Amino acid sequence: MSAGRRTLGFSWPALVALALLAAPRVVLHDLHVVEEGQAAAVLLAVVPLICWVVAVLWRRPPRLFLTVLAIGAIHGVLLAVGHQILWDEAFGATGPRLGDFDPRAQEAILRLAAVFSSLVTGVLTGVVTGAVAVVLSRVVIGPRRATERKVEKARCGP
């Protein structure tokens, strides 16, 4: 068993697969198929996070928060790659500008900022979703485990 699987409770391919659940939103948003505020955009943003929480609550990894944080970080990398690949489709020929200096330098700065923003977004998404998963595990799974222990103790006797 790999160190990642022992610590995070999932194989790396499984973590990547969970992070990939959020990839369609990036593509559809950058291609202007789905715009902010639409019900589809909300579903594409929220449903993958719900899947992350369900997966970790079902699997019960040893470090639940760290597992979701890792999924969020992978999501951030995928988000950054997706935005870079779809940059021209997202912004067209007249992309964002910073001023009157060299357009190539402007694009490099903006692309670097987009990568940083994507990574931060992924990590923060993992932090918030991981916190939700931890709270739910204590509220839902915690009492269930206590009940299971009481039943087991009753079966075994005093």
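These notes walk through a predicted model of one protein chain, helix by helix.

1. **Confidence.** Start with how far to trust the model. The protein chain averages a pLDDT of 85. At least 70 is reached by 84% of the residues. Confidence is lowest in helix 1, residues 3-8, where the mean is 70. Confidence is highest in helix 2, residues 12-20, with a mean of 96.

2. **Overall make-up.** The protein chain has 7 helices and 0 strands. Along the sequence, the pattern reads α-α-α-α-α-α-α. The chain holds 158 residues, and 30% of them are buried. Now take the contacts with a separation of 6 or more. Of these, 72% join residues 24 or more positions apart.

3. **Helix 4: length and burial.** Helix 4 covers residues 39-59. Does its length match or miss what 21 residues should give? At 1.5 Å a residue, the expected span is 30 Å, and the end C-alpha atoms are 30 Å apart, so the two agree. Several residues of helix 4 are buried: Ala41, Pro48, Trp52, Val53, Ala55, Val56 and Leu57.

4. **The end of helix 4.** Arg59 lies in helix 4. Is Arg59 buried, partly exposed or exposed? Its relative accessibility is 35%. Buried would need under 20%, and exposed over 50%. Arg59 therefore counts as partly exposed. Arg59 and Phe10 are 49 residues apart in sequence, yet their C-alpha atoms are 8.3 Å apart in space. Arg60 follows helix 4 and has a positive phi, near 55°.

5. **Helix 5: length and burial.** Helix 5 runs over residues 64-85. Its 22 residues should span 32 Å at 1.5 Å a residue; the end C-alpha atoms are 32 Å apart, so helix 5 also agrees with expectation. The buried residues of helix 5 are Leu64, Thr67, Val68, Ala70, Ile71, Gly72, Ile74, His75, Gly76, Leu79, Ala80 and Gly82. Look at the numbering in that list. An α-helix has 3.6 residues a turn, so residues three or four places apart point the same way.

6. **Helix 4 against helix 5.** These two helices pack at an angle of about 145°, with axes 10 Å apart. Helix 4 passes helix 5 in a right-handed crossing. Helix 4 brings Trp52, Val56 and Leu57 to the contact. Helix 5 brings Leu64, Thr67, Val68, Ile71, Gly72 and His75. By type, the contact residues are 6 nonpolar, 3 polar and no charged.

7. **Helix 2 against helix 5.** Helix 2 packs on helix 5 at about 60°, and the axes are 8 Å apart. This crossing is right-handed. Which residues meet here? From helix 2 come Trp12, Leu15, Val16, Leu18, Ala19 and Leu20. From helix 5 come Thr67, Ile71, Ile74, His75 and Leu78. The count by type is 9 nonpolar, 2 polar and no charged.

8. **Residues with two partners.** Compare the two contacts just described. Thr67, Ile71 and His75 appear in the contact with helix 4. Thr67, Ile71 and His75 also appear in the contact with helix 2. Thr67, Ile71 and His75 are buried as well.

9. **Ser118 in helix 7.** Ser118 sits in helix 7, residues 103-156. Is Ser118 buried or exposed? Its relative accessible area is 3%, so Ser118 is buried. Leaving out residues up to four places away in sequence, Ser118 touches Gly76, Leu79, Ala80 and His83. Of these partners, Gly76, Leu79 and Ala80 are among the buried residues of helix 5.

Notes:
Residues numbered from 1 in each chain as written. Predicted model: local features only at pLDDT ≥ 70, side-chain atom pairs only at ≥ 80, totals over all residues. Heavy atoms only, no water. pLDDT = per-residue confidence, 0-100. Helix = DSSP H or I, 4+ residues; strand = E, 2+ residues; numbered from the N terminus. Axes fitted to C-alpha atoms, helices over the stretch in contact; angles between N-to-C directions. Left-handed = near helix turned anticlockwise from the far one by under 90°. Contact = heavy atoms within 4.5 Å. Nonpolar A, V, L, I, M, F, W, Y, C, P; charged D, E, K, R; others polar. Expected span 1.5 Å × (residues − 1). Buried < 20%, exposed > 50% of the residue type's maximum accessible area, 1.4 Å probe, protein only.
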